[in-house]
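Student: I have a model open and want to go through it by questions. Where do we begin?

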Amino acid sequence: WRNRDTGLATYSLALVNNVAYNVVEFAKSQMEWMSDKIMKAFSDQRSNPFQFKYLTICHSLKEIERLREPKVVVASVDDLECGFSRELFVQWAGIRKNAVILTSKPVPGTLGRTLIDQPKLNAVELQIRKKVELQGEELEDYRREQLERQQREVREEAAMQMKLRRRTLDGLMAESDEDVDMEDEEVGGLQEHKMGPARTYPMFPYHERRIKWDAYGEVIRPDDYILAEELKERVPAMITGRVAFKEEEEEEEE
């Protein structure tokens, strides 16, 4: 295409693939991993071999149709079993002026391998699958199935909600029965509680220590940070002091 004497300039050149743009852009950013010749050309002349001047990158068949004819299209995959190459083959193979150029040898059992093994093949039978709109009885059957599915989902949802309600009611009834039994008899020698405006429950006595605060935050108790060794030394002195204090109180009373 760069050489005008070849006559290829009259053909539009295109690459069609779902990720064609991403692949080319990624290749442009990997120049340091290529040959010394390419790296030198890029360093001296800022020439990037992936900066295509005559190649048009396409991502759909509609973009291919908008190109000027005649055209050369590089498509994937090479075995012609799926992808853009398969779709283009189905559209263009019936026209005699078109040609198929295979750049590699596909695996046996594929359409591309069949064309290579039988170069004089004039006709080939293909199985084409495509989406079509439903009509007539098929459309009515589809709508009926969708309606039945929606009704079934609604019934299942209603049944699930009913089960949840029953479980909630059973749990509330069980809790109310336990409360009545607790009111009628003492539990473990604890104080009996009766129904009132503010419901209370039997519990063991617990004294919650209130935390003191000042302008700098929580008040620190030095006793909480005493080391074990210091605590062993201070305990006998504390006990002796308490005993002496008690003896003085007894003498005063006498």
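Student: Which loop holds Thr110?
Tutor: This is a predicted model, so local features are read only at pLDDT of at least 70. Thr110 sits in the loop between helix 4 and helix 5.

Student: Is Thr110 buried or exposed?
Tutor: The cut-off for buried is under 20% relative accessible area. Thr110 has 9%, so it counts as buried.

Student: Which residues does Thr110 contact beyond its neighbours within four places in sequence?
Tutor: Start with the C-alpha distance: Thr110 and Asp79 are 5.9 Å apart in space, yet 31 residues apart in sequence. Heavy-atom contacts, with neighbours within four places set aside, give Asp79 and Glu81.

Student: How far is the backbone oxygen of Val107 from a polar atom of the Thr110 side chain?
Tutor: A polar contact needs N or O atoms within 3.5 Å. The pair formed by the Val107 backbone oxygen and the Thr110 side chain is at 2.8 Å.

Student: Which residue in the loop between strand 3 and helix 4 has a positive phi?
Tutor: Most residues other than glycine have a negative phi. In the loop between strand 3 and helix 4, a non-glycine residue has phi near 60°. It is buried, with a relative accessible area of 5%. The residue is Leu80.

Student: Which peptide bond, with omega near 5°, is cis?
Tutor: Most peptide bonds are trans. Val77 lies in the loop between strand 3 and helix 4. The cis bond with omega near 5° runs from Ser76 to Val77.

Student: What is omega for the cis bond that joins Glu69 and Pro70?
Tutor: Pro70 is in the loop between helix 3, residues 61-65, and strand 3, residues 71-75. The cis bond joining Glu69 to Pro70 has an omega of about -5°.

Student: Which residues of helix 4 are buried?
Tutor: Helix 4 spans residues 83-92. Its buried residues are covered by elements including strand 1, helix 3, strand 3 and helix 5. Those buried residues are Phe84, Ser85, Arg86, Leu88 and Phe89.

Student: How many residues of helix 2 are buried?
Tutor: Helix 2 covers residues 36-45, ten residues. Arg46 follows, with a positive phi near 55°. Helix 2 lies largely in the open, because its number of buried residues is zero.

Student: What is the volume of the largest pocket, and which residues are closest to its centre?
Tutor: The volume of the largest pocket is about 1,600 Å³. Its lining has 43 residues. Closest to the centre are Trp92, Asn98, Ala99, Val100 and Ile101.

Student: Which element gives the largest share of the lining of the largest pocket?
Tutor: Helix 3, strand 3 and helix 4 each give two or more residues to the lining of the largest pocket. The largest share is six residues, and it comes from helix 4.

Student: How many residues in the lining of the largest pocket are nonpolar?
Tutor: Split that lining by residue class. Seven residues are charged and eight are polar. The nonpolar number is 28.

Student: How many disulfides does the structure hold?
Tutor: A disulfide is a covalent bond between the sulfur atoms of two cysteines. Cys58 is buried, at 2% relative accessible area. Cys82 is partly exposed, at 43%. The number of disulfides is zero.

Student: Which side chain makes a polar contact of 3.3 Å with that of Lys28?
Tutor: Lys28 is in helix 1, residues 20-28. In an α-helix, residues three or four places apart point the same way. Beyond four places in sequence, Lys28 touches Asn48, Phe50 and Gln51. The side chain in the polar contact of 3.3 Å is that of Glu25.

Student: What pattern does the chain follow along the sequence?
Tutor: Count the elements: seven helices and five strands. Read along the sequence, they give β-α-α-β-α-β-α-α-α-β-β-α.

Student: Of contacts between residues at least 6 apart in sequence, what percentage join residues at least 24 apart?
Tutor: The chain has 254 residues, and 12% of them count as buried. Among contacts between residues at least 6 apart, the share joining residues at least 24 apart is 51%.

Terms used: Residues are numbered from 1 along each chain as its sequence is written. This is a predicted model: local features need pLDDT of at least 70, side-chain atom pairs count only at pLDDT 80 or more; totals for chains, interfaces and linings use all residues. Side-chain values use heavy atoms; hydrogens and water are left out. Helices (H or I, at least four residues) and strands (E, at least two) are DSSP runs, numbered from the N terminus. Buried means under 20% relative accessible area, exposed over 50%, partly exposed in between (1.4 Å probe, protein chains only). A polar contact is a pair of N or O atoms within 3.5 Å; within protein, one must be able to donate a hydrogen and the other to accept it, and residues adjacent in sequence count only if both atoms are side-chain atoms. Contact means heavy atoms within 4.5 Å. A disulfide is a pair of cysteine sulfur atoms within 2.5 Å. On a 1 Å grid over the protein atoms alone, a cavity is a set of points where a 1.4 Å probe fits but cannot get out, and a pocket is an open set with protein on both sides within 12 Å along at least five of seven lines; lining residues have an atom within 4 Å of a point. Grid points are joined across faces, edges and corners, and a volume is the space filled by probe spheres set on the points. Ala, Val, Leu, Ile, Met, Phe, Trp, Tyr, Cys and Pro count as nonpolar, Asp, Glu, Lys and Arg as charged, and the others, Gly among them, as polar.
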